Amino acid sequence: MRTVAPERFRAVMGHFATGVTVVTATSANGPVGMTANAVCSLSLDPLLLLVCFDNGARTLPVVAEGERFGVNVLAKGQEPLARLFASKAPEDQKFAEVPHSVHDGIPVIEGVLAWVGCTLQELIPGGDHTIGIGTVTAAEAGTGEPLIWYRGGYG
Ligand SMILES: Cc1cc2nc3c(=O)[nH]c(=O)nc-3n(C[C@H](O)[C@H](O)[C@H](O)COP(=O)(O)O)c2cc1C
């Protein structure tokens, strides 16, 4: 029996402040990416990370196909990137004006606070989302302050 409306669940969970990431992968047409905050470190032994993909996210089939993905942790001031990668702009155009490098097939956005590279290990159904579990193959961090997502807004 449903006792909580989805909008209420979303609003309540919005009180859980998170960072903001862009999950990236490489398609046949080049780099793709989507803004994501449902990201979590999962295990230290072995090193695992998880990302929850909306089943409608175009990045999901790219990750499923290429079996490589990156998690780019956005820094304060990178809100325009968060908005761009949260949009439904043509997949192959999101990166058109975004300076980045590619590490073992994983697009890494210039100026991010940190990034983690993963090889996809498992995709697990989770309602209208799919949980992607990756083995961590690279992890780098810089210095600076994070971009934050709280109650439906950036801060
Ligand atoms: C702050 C924020 C966090 C988001 N977190 C997620 C997430 O964890 N998983 C997800 O699938 N979509 C998330 N989204 C929505 C996607 O960014 C959005 O659906 C995007 O258009 C997907 O791009 P794609 O279709 O090119 O993959 C988030 C959006 C915002 C603004």
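**View 1. G70 and G117 face each other across β6 and β9.** In this predicted model, G70 stands opposite G117, a residue of β9. Their two strands, β6 and β9, pair in the antiparallel sense, with six bridges between them. G70 also has a bridge partner in β2, namely T24.

**View 2. β2 runs alongside β6.** Strand β2 covers residues 21-27 and is joined to β6 by four bridges, again antiparallel. Two of the residue pairs are worth picking out here: V22 with N72, and T24 with G70.

**View 3. Seven strands make up an open sheet.** Read across the sheet and you get the order β3-β2-β6-β9-β10-β5-β4, with antiparallel pairing. At the edges sit β3 (30-36) and β4 (39-44), each of which pairs on one side only. From one strand to the next, the twist averages 35°.

**View 4. Two helices meet the sheet.** Helix α2, residues 59-66, packs on the sheet and touches β2, β3, β5 (47-54), β6, β9 (114-126) and β10 (129-141). The direction of α2 makes about 55° with that of β2. Helix α3 (residues 79-86) lies across β2 and β3, and runs at about 105° to β3.

**View 5. β6 is mostly tucked away: how many of its six residues are buried?** Five of the six are, so β6 is largely enclosed by the rest of the structure. The strand spans residues 68-73, and R68 is part of it.

**View 6. R68 is a buried arginine with no salt bridge.** Which side chain of opposite charge is nearest to R68? That's D104, at 4.2 Å. The cut-off for a salt bridge is 4 Å between a side-chain nitrogen of Lys or Arg and a carboxyl oxygen of Asp or Glu, so this pair doesn't count as one. D104 still shows up among the residues that R68 touches.

**View 7. The R68 side chain has polar company elsewhere.** One partner is the backbone oxygen of C118, which the R68 side chain reaches at 3.3 Å. Another is the side chain of T137, with a polar contact at 3.1 Å.

**View 8. Here's the neighbourhood of R68.** Leaving aside residues up to four places away in sequence, R68 touches T24, A25, V63, H103, D104, I106, C118, T119, L120 and T137. T24 in that list is the residue that has G70 of β6 as its bridge partner.

Notes: Residues are numbered from 1 along each chain as its sequence is written. This is a predicted model: local features need pLDDT of at least 70, side-chain atom pairs count only at pLDDT 80 or more; totals for chains, interfaces and linings use all residues. Side-chain values use heavy atoms; hydrogens and water are left out. Buried means under 20% relative accessible area, exposed over 50%, partly exposed in between (1.4 Å probe, protein chains only). Lys and Arg count as positive and Asp and Glu as negative; His and the chain ends are not counted. A polar contact is a pair of N or O atoms within 3.5 Å; within protein, one must be able to donate a hydrogen and the other to accept it, and residues adjacent in sequence count only if both atoms are side-chain atoms. Contact means heavy atoms within 4.5 Å. Two strands pair if DSSP finds at least two bridges between them. Axes are lines fitted to C-alpha atoms, for helices over the stretch in contact, and angles run from 0 to 180 degrees between N-to-C directions.
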